[in-house]
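Work through these exercises with the sequence and the 3D structure side by side. Try each task before reading its solution.

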Amino acid sequence: MAVPVPGRAIPIEGVPNLRDLGGWQTPGGAVARNTVFRSAEFSGLQGDAAKAFAALGIRSVYDLRTGAERAAQANAVPAGTEYIVLDILADHAGAGPAQILQVLSDPKAAEDLLGDGKAVKMFEESYREFLTLPSAMTGYRQFFTAIAQKEHRPALFHCTTGKDRTGWAAAALLMLLGVSDDDILADYLLTNDALLPALQPTIDTFASIGGDPQLLQPVISVRPEYLNAARNEMESRYQNIEGYFLAGLGVAPATIDRLRTALVEES
């Protein structure tokens, strides 16, 4: 029987960019499969797809979106699933990742916000804010502390497109578990394969109302420079991933030990 590839995509209609964070190699084994999942929002989940999602056995869903995003696209969470809101951008609701819905429906707003290279700079700044905003530090601390506890796993975490707030959470967790830099970047960039096809109808609609699809490319995709912006901010402030978890997030050493023990399977 073939072993699933690391970071495998899970094709469930209505849950874009749904992936298992497991399978990546660490010095002590592989990241546990079927334990931590990531995705985009899933307000359209229904019918047989909802049954397939429920079959994953997810106990806890962590929603990293702003209040406006949640109001616009409310999650369809299976009955009995723990649902926790961790608004990463509460202290800067106007940050780039929280503006995706707005710009997709308004070509003029898109041009003003994203034109002349502003999109890339905006997203790099947003990634740095994952390391500086009090709401981000609080939200990520609560998330990592929760999933260290067995009763909250299997767990799923997501934002609107599952690429930025979600992307940093995934990268930070993989760093903590000892996954190589190349594999962390590979997992991060898988979003482009998983998400862009799902967003093509949205891109087409944007073009049909007069928008320039090229404006959206830095918004709907992930780029190495985005992740590097967050990583550089982390190293500048905390030297390394352990410093980020301990001194930055205030995660207890025992919690870090539990994460590393529970989320790595010996080879």
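**Exercise 1. Find what Glu69 pairs with, and explain what the pair joins.**

Step 1. Look for the partner. Glu69 forms a salt bridge with Arg165, and the closest N and O atoms are 2.8 Å apart. A salt bridge here is a side-chain nitrogen of Lys or Arg within 4 Å of a carboxyl oxygen of Asp or Glu.

Step 2. Place both ends. Glu69 lies in helix α2 (residues 67–72) and Arg165 in helix α7 (residues 165–177), so the pair ties together parts that are 96 residues apart in sequence. Helices (H or I, at least four residues) and strands (E, at least two) are DSSP runs, numbered from the N terminus.

Step 3. Check the surroundings. Glu69 is buried, at 3% relative accessibility. Arg165 is buried too, with a relative accessible area of 1%. Buried means under 20% relative accessible area, exposed over 50%, and partly exposed in between (1.4 Å probe, protein chains only).

A note on the source: this is a predicted model, in which local features need pLDDT of at least 70, side-chain atom pairs count only at pLDDT 80 or more, and totals for chains, interfaces and linings use all residues. Residues are numbered from 1 along each chain as its sequence is written, and side-chain values use heavy atoms, with hydrogens and water left out.

**Exercise 2. Describe two further salt bridges, then give the total.**

Step 1. Take Arg260. Its salt bridge is with Glu242, the closest N and O atoms being 2.7 Å apart. This pair links distant parts of the chain: Arg260 sits in helix α12 (residues 253–262) and Glu242 in helix α11 (residues 241–248), 18 residues apart. Arg260 is partly exposed, at 31% relative accessibility. Glu242 is also partly exposed, with a relative accessible area of 31%.

Step 2. Look for a network. Arg19, Arg38 and Asp187 are joined into one network by salt bridges that share partners.

Step 3. Take Glu225. Its side chain meets that of Arg223 in a salt bridge, at 3.9 Å from N to O. Glu225 is partly exposed, with a relative accessible area of 32%. Arg223 is partly exposed as well, at 26%.

Step 4. Count. The rule gives 13 salt bridges.

**Exercise 3. Work out how strand β7 is placed among its neighbours.**

Step 1. Follow the side chains. Strand β7 covers residues 155–158. Ala155 and Phe157 point one way, Leu156 and His158 the other way, and all are buried.

Step 2. Find the partners. Strand β4 (residues 36–39) runs parallel to β7 and is joined to it by four bridges. Ser39 stands opposite His158. Strand β5 (residues 60–63) also pairs with β7 in the parallel sense, over four bridges. Tyr62 has Phe157 as its bridge partner. Two strands pair if DSSP finds at least two bridges between them.

**Exercise 4. Which strands stand at the edges of the open sheet β2-β3-β8?**

Step 1. Read the order. The sheet has three strands, ordered β2-β3-β8, with antiparallel pairing.

Step 2. Name the edges. β2 (25–26) and β8 (264–265) each have a single partner strand, so one side of each is left without a neighbour in the sheet.

Step 3. Check one pairing. β2 and strand β3 (residues 29–31) pair in the antiparallel sense over two bridges. Gln25 stands opposite Ala30.

**Exercise 5. Locate the nonpolar cores.**

Step 1. Start with the largest. It has 70 residues, and those with the most contacts inside it are Tyr140, Phe144, Trp168, Tyr244 and Phe245. A nonpolar core is a set of buried Ala, Val, Leu, Ile, Met, Phe, Trp, Tyr and Cys residues joined through side-chain atoms within 4.5 Å. Helix α7 gives the most to this core, with 10 residues.

Step 2. Go to the second. Apart from the largest core lies another, of 12 residues, among them Ile12, Phe37, Phe53 and Val61.

Step 3. Zoom in on Trp168. Not counting residues up to four places away in sequence, Trp168 touches residues including Phe130, Tyr140, Met175 and Tyr244. Contact means heavy atoms within 4.5 Å.

**Exercise 6. Sum up the whole chain.**

Step 1. Count the elements. The protein chain has 12 helices and eight strands.

Step 2. Gauge its extent. The C-alpha trace spans about 55 × 45 × 35 Å along its principal axes.

Step 3. Note the burial. Buried residues make up 53% of the 267 residues.
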